[in-house]
Amino acid sequence: MSSEVSDHRVTCPLCEAMCGLRVLVRDSRVLSIRGNGDDVWSRGHLCPKGTTLGQLHEDPDRLRMPMVKGGDGVHRTVGWDEAFAEAERRLRPVLEEDGAKALSVYVGNPVAHNLDLASYIGALVGMAGAAGMPAYYSPGTVDQWPLNVVGTLLFGGMWNAPIPDLERIDHLVILGANPAASQGSMLSAPDVMGHLADIRRRGGTVVVVDPRRTPTADRATEWVPIRPGTDALLLFAILRILAADGDIRRPAHLEGKVDGLDEAIALADPFTAERVSAATGIEAATIRRIAAGLAAAQSPVLYSRIGTCTQEFGTLTTWLVFVVNVALGAVDRRGGAVFAKPAVFSPMFMRPPDQTGERWEFGRFRSRVRGAPEVLGQFPLSCLAEEIDTPGEGRIRALITVAGNPVISAPGARRLDMALPKLDAMIAVDNWLNETTRHAHVILPGLSPLERAHSDDLYWMYAVASCLKWSEPVFPPDPGRPAEWEILLRLGAAALGVPVPEVDVAAMDDMYTTGLLSAMCDQPGTPLTGRDPGEAFAALSGVGPARLADLGIRLGPWGDQLGLRPGGLTLDAVRAHPDGLRLAELDGGRLDEAVTTPSGRIELIHPWITDDIPRLLDRIDRTSADLVLTSRRHLRSNNSWLHNVPALMRGRDRCTLLIHPDDARSAGVADGGLAVVTTSAGSLEIPVETSDEMMPGVVSLPHGWGHGRPGTRLEVANAHPGVNSNLLNPVDVIDVPSNTHVVNGVPCRVSAPAG
């Protein structure tokens with residue numbers, strides 16, 4: 001007789017869509033996962049990735065216990081005490097001899113989708129920074145850093161930017177985004193493709209500007225192919241046309257709330273449609289038609305994402321998207337680009353403690369080897385390898401990686417792969433023995449997504465509705481297993497001089513929480529400004545991420561403000577609603593509250609951005625016979641995270657070189673055959689897939705692959721290794737203002753294999 005089936009309502013932690021799931025369990029095994037139709041946020045929407053959380057949980061390759069690398073280079077399973085002792089044995093000599101300046105941290109993308117890690121990564125990085133660590137690294141500089149730079153300068157915060165009001169738009173222009181594969185990016189909405197269909201259903205228009213006819217473009221009103229890296233030229237030309245035709249809108253709701261629009265329009269003067277046409281690959285008449293469509297629409301909006309960030313002029317492109325939205329009068333207006341109202345307050349909304357001036361400052365210090373300026377506290381990710389393998393004072397000797405796989409995700413991946421064995425100490429907080437962690441001396445695994453509680457905070461900053469949700473663990477963790485937040489506290493305390501095995505985690509948790517509260521009380525513009533941190537701490541209960549989640553909910557717009565608003569929300573109140581709470585819909589009229597620049601206005605003109613315009617002007621007349629290489633992703637993939645999930649790896653090979661048939665013929669390669677792709681960084685042999693979905697002159701290779709390396713334990717992924725696109729991405733081609741690596745628009749040559 002079978003045991004009873006239990007029904008668990010949880011939020012998917014795999015992406016920004018935050019979809020609600022129903023997980024059915026029997027005998028401690030997942031029977032099925034489907035969309036939760038009662039979830040107030042997602043209302044039953046689900047993508048293929050969310051259905052595989054059970055396979056992630058049950059993956060035999062997932063680490064349940066720590067691993068330590070022996071002298072023979074082989075990892076073996078050990079107990080927690082031995083693992084913490086080995087971490088201490090490795091870290092302490094480095095810290096005693098060279099201090100924390102010889103230490104760095106790499107923060108992987110999954111951190112943002114894990115409550116434990118997201119809540120306590122600040123403890124690790126903050127403690128290490130307080131001890132003297134110069135900088136940490138993340139995929140930000142191969143991802144969204146231009147948006148962070150632009151949000152900081154224009155709107156006052158690195159996670160602050162308006163999003164499209166998908167419910168009311170009648171004309172949406174999408175640049176470099178493919179929500180059919182990625183859901184939204186810095187746009188949290190369940191079923192973005194459904195929203196796009198609704199725009200067309202109500203008579204509106206969706207235009208996709210992309211070098212590839214993506215599944216999103218296939219379902220749009222129009223696809224406009226563009227030469228990668230030239231979106232800023234297109235946007236400047238559109239801005240110039242709008243101004244010349246008298247179509248700049250100056251609505252009353254933005255009067256006195258925007259600085260620099262006229263200066264930005266003046267900067268567009270050299271960028272005529274005719275002048276930029278050859279460089280962009282878009283006819284001047286088409287550029288004028290795009291501008292006319294925006295001018296004629298009642299509720300037009302531009303939206304751009306990763307494809308426009310990770311290109312040669314990512315910051316200028318991102319900036320111009322917001323400039324044009326301002327010029328259209330779309331910002332802070334219903335049906336335009338509006339500021340979300342997050343129902344939870346996150347410490348990430350605050351200015352970092354090292355930004356002490358009235359205005360944000362960049363380039364405050366430089367990397368040791370390359371002399372790269374810091375941007376938002378980080379150097380280009382490719383700097384990590386050279387900081388490890390270049391001898392001299394300040395060399396990185398110890399590295400802590402947290403839920404990251406930079407050997408796959410970093411440009412210059414080959415050098416990093418060779419540099420990591422030179423570390424005196426490498427500690428990985430990770431659930432898999434992968435291409436990066438195979439180099440670690442100690443691997444400290446966390447829990448599966450179904451063994452830990454979950455709640456989002458940052459992504460409500462970009463959400464199309466104000467909601468709150470909390471997920472309880474589906475399965476209890478094994479007894480004696482530390483949570484990831486506890487591991488981070490141990491490693492952070494180690495940087496401050498406390499031996500890893502001897503850390504009083506509870507005391508360190510209290511210290512970290514007290515420090516956060518003190519910063520909130522001292523910094524202007526937070527919900528705790530001017531209050532007593534001791535009283536705030538006394539008002540809280542619990543420990544770890546749950547305590548910080550309670551704090552964020554209580555300090556949010558609907559919270560009880562730690563007792564000042566009786567009847568307001570707390571974590572306990574949210575827990576009573578397993579399908580979530582929907583508190584408000586997206587609307588305009590929040591500019592005064594949301595914008596936190598020194599002037600309190602949207603500040604469009606900043607030399608850090610506009611000084612890059614001469615480089616863009618030089619791009620207009622640059623010609624090359626080379627093809628250019630771009631990146632792509634698939635709905636059933638998520639960087640390198642999910643390639644060990646059997647259900648997501650079924651079907652045809654997805655790690656292929658997409659190439660237009662005309663280019664394939666010119667290169668002497670054929671569909672189903674092999675091609676050699678060569679850039680300034682190296683060469684790879686790749687299976688060919690010909691398709692007219694690629695515009696001529698552009699080829700595409702997915703990122704996140706390159707498995708099958710010795711010493712890894714990824715049975716499914718290693719059976720479908722693919723190739724690592726970052727072996728082709730050069731380290732010296734970056735978007736200058738943001739330090740972001742160019743992975744879209746890399747010059748390349750394609751040829752048939754020799755022989």
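Let's start in a loop: Q144 is found between α3 (115-131) and α4 (145-155). The model is a predicted one, and everything below is read from it.

Is Q144 buried or exposed? Its relative accessibility is 8%, and since buried means under 20%, Q144 counts as buried. Leaving aside residues up to four places away in sequence, Q144 touches W159, M186, R305, I306 and C309.

One of those partners, M186, leads us to another loop, the one between α5 and α6. Q183 is found in that loop too, with α5 spanning 179-182 and α6 spanning 192-201. Neither residue is a glycine, yet phi is positive in Q183 and in M186. Here are the two side by side, each with its backbone angle and its accessibility.

| Residue | Phi | Relative accessible area |
|---|---|---|
| Q183 | near 60° | 7%, buried |
| M186 | about 50° | 9%, buried |

Next come two helices. How far apart are the end C-alpha atoms of α13, residues 314-327? They are 20 Å apart, which agrees with the 20 Å that its 14 residues should span at 1.5 Å a residue. Helix α13 is also mostly covered, with 14 of its 14 residues buried. After α13 comes G329, where phi is positive, near 70°.

Helix α24 covers residues 613-620, and among its residues I613, L616, R619 and I620 are buried. Viewed down the axis of α24, the buried residues fall within an arc of 110°, so they line one face of the helix. The general geometry helps here: an α-helix has 3.6 residues a turn, so residues three or four places apart point the same way. What covers this buried set in α24? The cover includes α13, along with α8 (231-244), α9 (261-267), α10 (273-280) and α23 (607-610). That brings α13 back into the picture, as one of the elements covering the buried residues of α24.

Finally, a look at open space, which may interest you for any grid-based work. The second largest pocket has a volume of about 880 Å³. Which residues are closest to its centre? Of the 38 residues in the lining, they are F345, F349, G525, E593 and T596. By class, the lining of this second largest pocket has 21 nonpolar, 12 polar and 5 charged residues.

Technical notes: Residues numbered from 1 in each chain as written. Predicted model: local features only at pLDDT ≥ 70, side-chain atom pairs only at ≥ 80, totals over all residues. Heavy atoms only, no water. Helix = DSSP H or I, 4+ residues; strand = E, 2+ residues; numbered from the N terminus. Expected span 1.5 Å × (residues − 1). Buried < 20%, exposed > 50% of the residue type's maximum accessible area, 1.4 Å probe, protein only. Arc of directions from axis to C-beta. Contact = heavy atoms within 4.5 Å. 1 Å grid on protein atoms, 1.4 Å probe; cavity = no way out; pocket = protein on both sides within 12 Å on 5 of 7 lines; lining within 4 Å. Points joined across faces, edges and corners; volume = space filled by probe spheres on them. Nonpolar A, V, L, I, M, F, W, Y, C, P; charged D, E, K, R; others polar.
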